[in-house]
Amino acid sequence: MLAAEILKYTDDYSNVQDNILNEVERSTHLHTIAPQMLSGRVQGAFLTLMTSLLQAKHVLEIGTFTAYGTICLARGLYPSPESKVVTIEANPEYTFLIKKHLALAGVEDRVESLFGKAQDIISQRPETWDIVFIDANKQEYPDYYEAVIDRVRPGGLILSDNVLWSGKVVYEPNDVDARVIHRYNEMLHRDPRVQVLMLTIRDGLSIAVRK
Ligand SMILES: C[S@@+](CC[C@H](N)C(=O)[O-])C[C@H]1O[C@@H](n2cnc3c(N)ncnc32)[C@H](O)[C@@H]1O
């Protein structure tokens, strides 16, 4: 997508320096083989901003990984005892890092961390969501979306990550994953239940506002 130098420039000139997130980033690089999966500073700050602007109390994250995005979402929650981020991760190997990072950020009491396939868990949840952050298996995006769309409040948001797939949706439309993401983008664009705004943040982030 955007050149690395441009991404570094946006990092440098946003007020996103944060010792705790730096440590989560460092620990993720040290202990996982795919550290590039974490949201990163500008996108993380964007998640906090969205959560806080919406005064969100009920936030769902699909794909926890090492809890970088979770921490950013939790930081923006409306200050109320009922406010919570529910985050779902399919890979139990991340349990230790998730617990460690949530404790480091001091947000563990605002996060419910669940393990299993999101598709199996979402339907059992009673919440009406203010924000849903979709950031797991790209092939399954349509399933996650259909599972949550009628459980998002009017004015609530579905944020979907990686919707430009390194620019391949435009430059390499026949790439298998790019095709899946492109179909997902088309699906949201045509869905009368939402209004979509696609942003070029990081690897592309779309905002679908529930009507
Ligand atoms: C890109 S990472 C998430 C990054 C994280 N949201 C952040 O902001 O740093 C995607 C994660 O989704 C998880 N995942 C994949 N399929 C899943 C599913 N069906 N349900 C829940 N998690 C899933 C993967 O194991 C991986 O840890």
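**Exercise 1. Work out what kinds of residues make up the shell around the ligand.**

The residues of this shell split into 11 nonpolar, 8 polar and 5 charged. Here Ala, Val, Leu, Ile, Met, Phe, Trp, Tyr, Cys and Pro count as nonpolar, Asp, Glu, Lys and Arg as charged, and the others, Gly among them, as polar.

A quick note before going on: this is a predicted model, where local features need pLDDT of at least 70, side-chain atom pairs count only at pLDDT 80 or more, and totals for chains, interfaces and linings use all residues. Residues are numbered from 1 along each chain as its sequence is written, and side-chain values use heavy atoms, leaving out hydrogens and water.

**Exercise 2. Find polar contacts of the ligand (pairs of N or O atoms within 3.5 Å).**

Step 1: start with Glu 140, which has a polar side-chain atom 2.9 Å from a nitrogen atom of the ligand.

Step 2: go on to the backbone. Ala 90 places a backbone N or O atom 3.1 Å from a ligand nitrogen, and a polar backbone atom of Gly 69 is 3.4 Å from a ligand oxygen.

**Exercise 3. Decide which residues of helix H9 are buried and which are exposed.**

Step 1: H9 (a DSSP run of H or I, at least four residues, numbered from the N terminus) has Ala 178, Val 180, Ile 181, Tyr 184, Asn 185 and Leu 188 buried (under 20% relative accessible area, 1.4 Å probe, protein chains only).

Step 2: look down the axis. The buried residues fall within an arc of 160 degrees, so they line one face of H9; the arc is taken from the directions from the helix axis to the C-beta atoms.

Step 3: turn to the other side of H9, where Val 176, Arg 183, His 189 and Arg 190 are exposed (over 50%).

Terms used: A polar contact is a pair of N or O atoms within 3.5 Å; within protein, one must be able to donate a hydrogen and the other to accept it, and residues adjacent in sequence count only if both atoms are side-chain atoms. Helices (H or I, at least four residues) and strands (E, at least two) are DSSP runs, numbered from the N terminus.
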